[in-house]
Amino acid sequence: TDPKCYDSVLKGVKTVFCSLPHMESHQDAFTRFLVSCKEHKIEHFVKISFLHNPEYRKHVPLAHFHNVCDELLEQAPQSSRINYTILATSHLMSTPLLTQGELLTKDHKYVTASYGMGVNYVSPNDVADAAMVVLMDRKTHRNKIYSLTARPITDREVAKQLSIAYGVEIKHIELGYHDYVKSIESRGLPHWLAKDSAAFEKMKASGIDEDPRLY
């Protein structure tokens, strides 16, 4: 996020692999970093993104942010040496561990507001494999966008899988949207992160992840 670091970080670099963390003011940070990549004559920019879907973009701030960044990246070849590859994934399997780590380990609870709808979770390992394919053969994959998806699975089933992984029963707690917002804010998450997390739950509950056209 500190532009003063970009010169030293990008010196002599030809390829950038960008996996943006979930952070505040991320759009400004990405824009500044992309401008610096152009100035340093980066040749290939591989970015992890969120699945391109108008409904996600309309309702989920994080998805909208990623899609805007992707559009900036798609325009980069017109004004620089940059070629791009975008790996657009649906929900990552690691997300529950990041947002509910303490609940899982201490309270043995998995809290959602997906109303029993199937959710399209993708393994970060599969995303890493796809990234390696791109990085080892950049010419074949330049200026392309790939959608990485899997079959939908309910959060109740996710809780069963988490129970196996943790070696203890993880109870699935299904809340309504507003109660879910209160729940994540009570855990001390910053408001912007709580808002994004709640928006994702709302979209999960809409059943969009069960649309076969996503796969």
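**Notes on a predicted model: two loop residues and three helices**

1. Lysine 41, at 45% relative accessibility, counts as partly exposed, because that class lies between the cut-offs of under 20% for buried and over 50% for exposed. This model is a predicted one, and the values discussed here should be read with that in mind. The place of lysine 41 is the loop that lies between helix H2 (26-39) and strand S2 (44-50). Its phi is positive, about 60°, although the residue is not a glycine. Most residues other than glycine have a negative phi.

2. Histidine 108 also deserves a look, since its phi is positive at about 55° and it is not a glycine. This residue sits in the loop between helix H6 (101-107) and strand S5, and with a relative accessibility of 28% histidine 108 counts as partly exposed.

3. For helix H9 (residues 155-166), a simple check of length can be made: at 1.5 Å a residue, its 12 residues should span 16 Å, and the end C-alpha atoms are indeed 16 Å apart, which agrees. The buried residues of H9 are Asp155, Val158, Ala159, Leu162 and Ser163. They cover an arc of only 145° around the axis, so they are on the same side of H9. An α-helix has 3.6 residues a turn, so residues three or four places apart point the same way. After H9 comes glycine 167, which has a positive phi near 75°.

4. Which residues of helix H10 are buried? They are Tyr180, Ser183 and Ile184, and because they cover an arc of only 90° around the axis, they lie on the same side of H10. These buried residues pack against strand S5 (109-112) and against helix H11. The face of H10 that is turned away from the buried side carries His178, Lys182 and Ser186, which are exposed. Just after H10, glycine 188 has a positive phi of about 90°.

5. The pairing of helix H10 (residues 177-186) with helix H11 (residues 191-205) can be described further, for their axes come within 9 Å and cross at roughly 150°. The crossing in which H10 passes H11 is right-handed. On the H10 side the contact is made by Tyr177, Tyr180, Val181, Ile184 and Glu185, while H11 contributes His191, Ala194, Ser197, Ala198, Glu201 and Lys202. Sorted by character, the residues of this contact comprise 6 nonpolar, 2 polar and 3 charged.

Conventions. Residues numbered from 1 in each chain as written. Predicted model: local features only at pLDDT ≥ 70, side-chain atom pairs only at ≥ 80, totals over all residues. Heavy atoms only, no water. Axes fitted to C-alpha atoms, helices over the stretch in contact; angles between N-to-C directions. Helix = DSSP H or I, 4+ residues; strand = E, 2+ residues; numbered from the N terminus. Left-handed = near helix turned anticlockwise from the far one by under 90°. Contact = heavy atoms within 4.5 Å. Nonpolar A, V, L, I, M, F, W, Y, C, P; charged D, E, K, R; others polar. Expected span 1.5 Å × (residues − 1). Buried < 20%, exposed > 50% of the residue type's maximum accessible area, 1.4 Å probe, protein only. Arc of directions from axis to C-beta.
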